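Me: I'd like to go through this one with you before I set anything up. Can you take my questions as they come?

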Amino acid sequence: MDHRVFTAVSILMFSLAGTAFADAADVMVYKSPTCGCCKKWVEHMRENGFTVKTRDMADVTPYKARYGVTPELASCHTAVVNGYAIEGHVPAADVKRLLRERPRIAGLSAPGMPASSPGMDTGHDPYDVLSFDKEGNVAVYAKH
């Protein structure tokens, strides 16, 4: 096989493998057993190719602290995917982008419970998804 064809095929296979990996990542969600919007967000993530496990608990605060989620970034549930914290109703597309780009951050957050976010689906208000790191730096990652 011509080395240029081999290189092109190798690059394509690597690209496809990386996309499949990002699309099929395992997500662990720490949530309240009675929160319906958390269940809807889990469904949203599964519909978008993620394998999701949940752990119901009365207090998610210790997980928020472990992954660097401050009170200003907090929402109803905390998820972890490939070492990143995903706080609240972050769209699956943003999580896929995060896994493709692999920035040096602690995670993403949709602070509070934005009415138009996945799992809430009760409004049309714009909201931001924020990136954050362990040093307390916060930036807009995506606008919805």
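Me: Which side chain does the side chain of Thr78 make a polar contact with at 2.5 Å?
Reply: That partner is the side chain of Glu87, and please keep in mind throughout that this is a predicted model. The side chain of Thr78 also makes a polar contact with the side chain of Lys64, at 2.9 Å.

Me: Is Thr78 buried or exposed?
Reply: Thr78 is buried, with a relative accessible area of 0%, and its place in the fold is strand β3, which covers residues 78-81.

Me: And what is Thr78 in contact with, leaving aside its neighbours within four places in sequence?
Reply: With those neighbours set aside, Thr78 is in contact with Met28, Val29 and Tyr30, with Val60, Tyr63 and Lys64, and with Ile86 and Glu87.

Me: Switching to cysteines: how many disulfides does a search of the whole structure find?
Reply: Such a search finds zero disulfides. Cys38, for instance, is in none, and the nearest cysteine sulfur to its own belongs to Cys35, at 3.1 Å.

Me: Why is there no bond for Cys76?
Reply: The closest cysteine sulfur to that of Cys76 is in Cys38, and because the separation is 3.6 Å, it is too far for a bond; the cut-off applied is 2.5 Å between cysteine sulfur atoms.

Me: Are Cys38 and Cys76 buried or exposed?
Reply: Cys38 is buried with a relative accessible area of 0%, while Cys76 has 18% relative accessibility and therefore also counts as buried, the limit being under 20%.

Me: What about Ser32, where does it lie?
Reply: Ser32 lies in the loop between β1 (26-31) and α2 (36-47), and at 22% relative accessibility Ser32 counts as partly exposed. Its side chain makes a polar contact with the side chain of Thr34, at 3.1 Å, and, leaving aside neighbours within four places in sequence, Ser32 is in contact with Asp56, Met57 and Val60.

Me: How are Ser32 and Cys76 separated, in space and along the chain?
Reply: Their C-alpha atoms are separated by 7.9 Å, although Ser32 and Cys76 are 44 residues apart along the chain.

Me: On to packing: which residues touch the most other members of the largest nonpolar core?
Reply: They are Val27, Met45, Phe50, Ile86 and Val95, out of the 23 residues that this core holds. At least two core residues come from each of β1, α2, β3, β4 (84-88), α4 (92-101), β5 (107-110) and β7 (138-143), and the largest share, four residues, is supplied by α4.

Me: What does Met45 contact, again leaving aside neighbours within four places in sequence?
Reply: Met45 is in contact with Val27, Phe50 and Val52, and also with Val90, Ala92 and Val95. Apart from the largest core lies another, of 13 residues, including Val69, Leu73, Val80 and Ala85.

Me: Last topic, the overall picture: how many helices and strands are there?
Reply: The secondary structure comes to four helices and seven strands, and from the N terminus on the elements run α-β-α-β-α-β-β-α-β-β-β. Of the contacts with a separation of 6 or more, 53% are accounted for by residues 24 or more positions apart.

Me: And what are the totals for burial and surface?
Reply: Buried residues make up 43% of the 144 residues, and the accessible surface comes to about 8,000 Å², of which 58% belongs to carbon and sulfur atoms.

Technical notes:
Residues are numbered from 1 along each chain as its sequence is written. This is a predicted model: local features need pLDDT of at least 70, side-chain atom pairs count only at pLDDT 80 or more; totals for chains, interfaces and linings use all residues. Side-chain values use heavy atoms; hydrogens and water are left out. Buried means under 20% relative accessible area, exposed over 50%, partly exposed in between (1.4 Å probe, protein chains only). A polar contact is a pair of N or O atoms within 3.5 Å; within protein, one must be able to donate a hydrogen and the other to accept it, and residues adjacent in sequence count only if both atoms are side-chain atoms. Contact means heavy atoms within 4.5 Å. A nonpolar core is a set of buried Ala, Val, Leu, Ile, Met, Phe, Trp, Tyr and Cys residues joined through side-chain atoms within 4.5 Å. Accessible areas come from the Shrake-Rupley method with a 1.4 Å probe; for residues, only the protein chains shown count as cover.
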